[in-house]
2 protein chains.
Amino acid sequence: MAADYRLDRIDRRILKILQAEGRLTNQALASRVALSPSACLARVRHLERIGVIQGYHARLDPFRLDIGLVLFVEVILEGHSPEEQARFEAAIEAMPEVVEASHVSGDVDYLLKIVVANMMEWTRLREKFIGGDLGVDRITTHALMRKPKIFKGYPISDP
Amino acid sequence: MAADYRLDRIDRRILKILQAEGRLTNQALASRVALSPSACLARVRHLERIGVIQGYHARLDPFRLDIGLVLFVEVILEGHSPEEQARFEAAIEAMPEVVEASHVSGDVDYLLKIVVANMMEWTRLREKFIGGDLGVDRITTHALMRKPKIFKGYPISDP
DNA sequence: TGTGAAATCGATCCTTA
DNA sequence: TAAGGATCGATTTCACA
């Protein structure tokens, strides 16, 4: 999947723009990076094919969706062998409530983003973590109240 | 901004689809929700106008961007008055390295997502947090190593 | 890799229901 | 609110540099 492809200046400008304005037309994008539409489209398709662009998404306001609760959960495993990690990761892969998982260094092993309809659902899901045989030692929960700064993409330097 | 507008079944289907496929053409979207293109476009524009759709973004692979380090930082403030929170939030608003901030309930006050080029940069930025007059009591840092589950949007029920 | 032209397809607006 | 049709603009392919 061309994991070693080197992004040039124009690629980076394309990525920066599409990260901020995902529905920009190819023509507008082309003129902003000073390419013909066909050359620009070829680059975008290439970036998609090699996996630098992983998808396009509408960003929705979670507080307008009757989504329930958004929780950030820190997980510490009992053991840290590859097998134990794989078992845990397979378990969360199968939980639709877990919408994002990050494996991190430090005193904590995983940071999860979890969406549940209400506290009761969280109480039930919580038991799967601590009671179950997922090899979890301890979890800490934080409930989202407000988003003072919203993620709109990674910083990409122009040059 | 029509914060009380009630989403109907078709709105929710539109949101679910655009959240997963942000660059879908209006025609394709229209046929998937069984509307004419013009009616579908009017709904999408409406959802954008009232702020349920906040933007469109290409999702990029952070490990392919030479971005440096992605850090998750937990922040505990010394005090919890509205003024102290506002001061802290204004400070992180002005830091481009802080790409996302969540105000959460529990023993921690804020969860930050921070992107820095390298450890040295983080060491410098860290001092702004603990040394500065931001009213920060304590921070805990986790560095992203791997993403076993990637966020692709909130769960939206069909009916 | 890039350009420009040609053909197809999509977005958008307006009218009518 | 929705549909249909007209118009204008965008996407995509291809021959060529």
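1. Start with the backbone of DNA strand C: in this predicted model, sugar or phosphate supplies 76% of the strand C atoms that come within 4 Å of the protein, and bases supply the rest. For DNA strand D, the sugar and phosphate figure among atoms within 4 Å of the protein is 69%.

2. Who sits around DNA strand C? From chain A you'll find A:Leu35, A:Ser36, A:Ser38, A:Ala39 and A:Arg43, while chain B brings B:Thr25, B:Asn26, B:Gln27, B:Pro37, B:Ser38, B:Leu41 and B:Arg45. By class, the surface near strand C comes out as four nonpolar, six polar and two charged residues.

3. In terms of elements, helix 3 of chain A, plus helix 2 (26-32) and helix 3 of chain B, each put at least two residues into the surface near DNA strand C. Helix 3 of chain B is the top contributor there, with four residues.

4. A few distances on DNA strand C deserve a look on screen. B:Asn26 has a polar backbone atom 2.5 Å from a phosphate oxygen of strand C. B:Arg45 uses its side chain instead: one of its polar atoms lies 2.6 Å from a phosphate oxygen of that strand. For a base contact, go to A:Ser38, where a side-chain N or O atom is 2.9 Å from a base oxygen of strand C.

5. Now DNA strand D. Chain A surrounds it with A:Thr25, A:Asn26, A:Gln27, A:Ser38, A:Leu41 and A:Arg45, and chain B with B:Leu35, B:Ser36, B:Ser38, B:Ala39 and B:Arg43. That surface has three nonpolar, six polar and two charged residues. Helix 2 (26-32) and helix 3 (37-49) of chain A, along with helix 3 (37-49) of chain B, each give at least two residues to the surface near strand D.

6. Which atoms reach the phosphates of DNA strand D? The side chain of A:Gln27 places an N or O atom 2.5 Å from a phosphate oxygen. B:Arg43 does this with its side chain too, an N or O atom there being 2.7 Å from a phosphate oxygen of strand D. B:Ser36 takes part through its backbone, with an N or O atom 2.8 Å from a phosphate oxygen.

7. On to the protein-protein side. Chain A has 71 residues in contact with 70 residues of chain B. About 6,500 Å² is buried between the two chains, and carbon and sulfur atoms account for 51% of that area.

8. How many salt bridges are there between chain A and chain B? Six. One to check is A:Asp66 with B:Arg12, whose closest N and O atoms are 3.7 Å apart. The interface also has 43 residue pairs in polar contact, both residues being at pLDDT 80 or more.

9. The side of chain A that touches chain B draws two or more residues from each of helix 1 (9-20), strand 1 (53-60), strand 2 (69-77), helix 4 (82-93), strand 3 (98-105), strand 4 (110-116) and strand 5 (136-149) of chain A. Strand 5 gives the most, with 10 residues. By class, the residues on this side of chain A are 38 nonpolar, 16 polar and 17 charged.

10. One last thing about strand 5 of chain A: it pairs across the interface with strand 3 (residues 98-105) of chain B, antiparallel, over four bridges. To find the pairing, look at A:Lys149, whose bridge partner in strand 3 of chain B is B:Ala101.

Key
Residues numbered from 1 in each chain as written. Chains lettered and ligands numbered in written order. Heavy atoms only, no water. Contact = heavy atoms within 4.5 Å. Buried area = accessible area lost by both parts, 1.4 Å probe. Salt bridge = Lys/Arg side-chain N within 4 Å of Asp/Glu carboxyl O. Polar contact = N/O pair within 3.5 Å; in protein donor to acceptor, adjacent residues only side chain to side chain. Nonpolar A, V, L, I, M, F, W, Y, C, P; charged D, E, K, R; others polar. Pairing = 2+ DSSP bridges. Near = heavy atom within 4 Å.
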